[in-house]
Every structure is written in C-alpha cells, then in structure tokens.
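This report covers the contacts made by aromatic rings, first between rings and then with charged side chains.

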Amino acid sequence: MGWERKRGKLVELNRLLAGDRTTSYTIHVGAPEALRAIHFVITLDADTELPREAAQRLAATLGHPLNCAEFDAASGRVTAGYTILQPRIDVTPASVESSWFARLFAGDTGLDLYARAVSDVYQDLFAEGIYVGKGIYDPRAFERSLRGRVPENTLLSHDLFEGIHGRAGLVTDVVLLEDYPRAYLVYADRLHRWARGDWQLLPWLRGRVPLDGGNVPNHLSALARWMIVDNLRRTLLAPALLGFLIAAWLWFPGSA
C-alpha cells in the first residue's frame, strides 16, 4: 500500500543512484555512471513551488559537516546529524484567492520571513524535527537508516516513520510554497488520508513491532514514540470538538 503510493518509487530511485541495475527503471538515457555523483534528492508534491535558491540552501545545510548523518555500528541507527531536512511550508498567495473556503481557512499568507519566523519545540529542545514528505535527503544515508525496518504492505503514510528512523531536521529559514485545497471535501480527504497513516503507526508504541510476518523488539526512543502519540492526538481534535458540541447541546447543564 505504501510501496505503490510513493515509497517504492523512492526506494528504487535510491537504489538506481547507488548503481543497482535491477530496478524497474527499464529505460536509461545518458551514462548511468553519472548518477553515482548525485548526493542529494529533493522531494516535492505536484502543487509545491521551489523558490529561487531554496534548493542551494537546503543542499548547503545538509552537506554541512555538522549535519552529516552518523550511524551506530552495532544497531545501524542514526546517532547524530540528519539524513533528511524538512523546510518550512507556506501557502501560495494565489491559491488563497481560488475559493471562499481557502480564503477563510488558509490564514496569513505573507512572505516576510522576519514577521513569520517560526520555531518547533522538537527541533529546539531535542534537535530533531518531523518530516512531512517535502524536503531534501541523502539517498545513501536514508536507505541505510531504513534498511530492514519497514514492513511491507503496512504503512500508507510513511513520512513520520522515515523521519524518525532517518532523523529529520527542521530548517525554518528555507521556505517552500504549496497550494491550499480549494474545497472542503478535498481538504477533508487529505486529513482522512493523514489520519489513516498516523493510526497505522500505533503498533510502534508497543515493545515489539511487526516486521516480515513476525515481531521484533522496538528500538524507537521515547521521543520518537511521543511524536507518534502527538500526531494521534491531533487526529482526535476534530472528533473531540464535535463530541463536545453535541454534549453541550444535549446533556450539559445550563444554556447550550
């Protein structure tokens, strides 16, 4: 399920860049040896805009010696540095004017960095961010961090899972732009897909996790498990508000 949506494309692209000729990329134009010189890959959605010089700044940040991933020889886990960098995401001003729904819910769309500078509690306190699927990654280090850790046909949304194992960093001074959904049903469908993916990570809160038809010890840190719990909490916010309103109308004392 996750393989067909996106993960398989990235896995095979990473293998191709490492020199593997057994991937499903059957047509090659140019010298394939040149692919081995590629050090970084930037992933974007179809509606994501990459502003001028954003790619250069992301590559310079991930290529900095202090940010390069370091692995534990015994466990294979990333102990320092990052394999993924997640930039800040803002809404394109043009998409806000596409519908009344977008105007109401898209919020402020100014591009003044000093007025919109943000921080993230995970990055500030623990030097780790949350990956949401758009950013830059080191394909070789990324593959190494996930090798033997992803159960097949289990994860619909794997961005948080990849960010936890690959150690994602948040780069708030580099901004990417994406369109805001034009209609409520499109917005609701996106939230539903995200919620499904978040709840599929529920087994990784236990002491043992599924892998290759069995269960293996769970080596995720307390911070990684809390990130999963925090995402689950966000998915419960809307139904909790709806339940509170219904209870206020029907059962709570006093005026509704």
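Are Tyr 137 and Phe 142 buried or exposed? Both residues are buried in this predicted model.

**Ring pairs**

Across the whole structure, a search finds eight aromatic pairs. One of them joins Phe 101 and Phe 105, whose ring centres are 5.0 Å apart. Their planes meet at 40°, so this pair is tilted, an angle between the limits of 30 degrees for stacked and 60 for edge-to-face. Phe 101 and Phe 105 both belong to helix 4, which covers residues 100-105. Because they are four residues apart there, about one helical turn separates them.

The two partners differ in exposure. Phe 101 has a relative accessibility of 14% and therefore counts as buried, whereas Phe 105, at 52% relative accessible area, is exposed.

Tyr 137 and Phe 142, the buried residues of the opening question, also form a tilted pair, with their ring planes at 45°. The values for both pairs are set out below.

| Pair | Centre distance | Plane angle |
|---|---|---|
| Phe 101 and Phe 105 | 5.0 Å | 40° |
| Tyr 137 and Phe 142 | 4.8 Å | 45° |

**Cluster**

Phe 101 and Phe 105 are also members of one aromatic cluster, together with Tyr 180, Tyr 184 and Tyr 187.

**Charges over rings**

Arg 103 has its charged end over the ring of Trp 100, at 4.8 Å from the ring centre. In another contact of this kind, Arg 144 lies over the face of Phe 71, and the distance to the ring centre is 4.2 Å.

How values were computed: Residues are numbered from 1 along each chain as its sequence is written. This is a predicted model: local features need pLDDT of at least 70, side-chain atom pairs count only at pLDDT 80 or more; totals for chains, interfaces and linings use all residues. Side-chain values use heavy atoms; hydrogens and water are left out. Rings of Phe, Tyr and Trp (its six-membered ring) pair if their centres lie within 6.5 Å; planes under 30 degrees apart count as stacked, over 60 as edge-to-face and the rest as tilted. Helices (H or I, at least four residues) and strands (E, at least two) are DSSP runs, numbered from the N terminus. Buried means under 20% relative accessible area, exposed over 50%, partly exposed in between (1.4 Å probe, protein chains only). A charge sits over a ring if NZ of Lys or CZ of Arg is within 6 Å of the ring centre and within 35 degrees of the ring normal.
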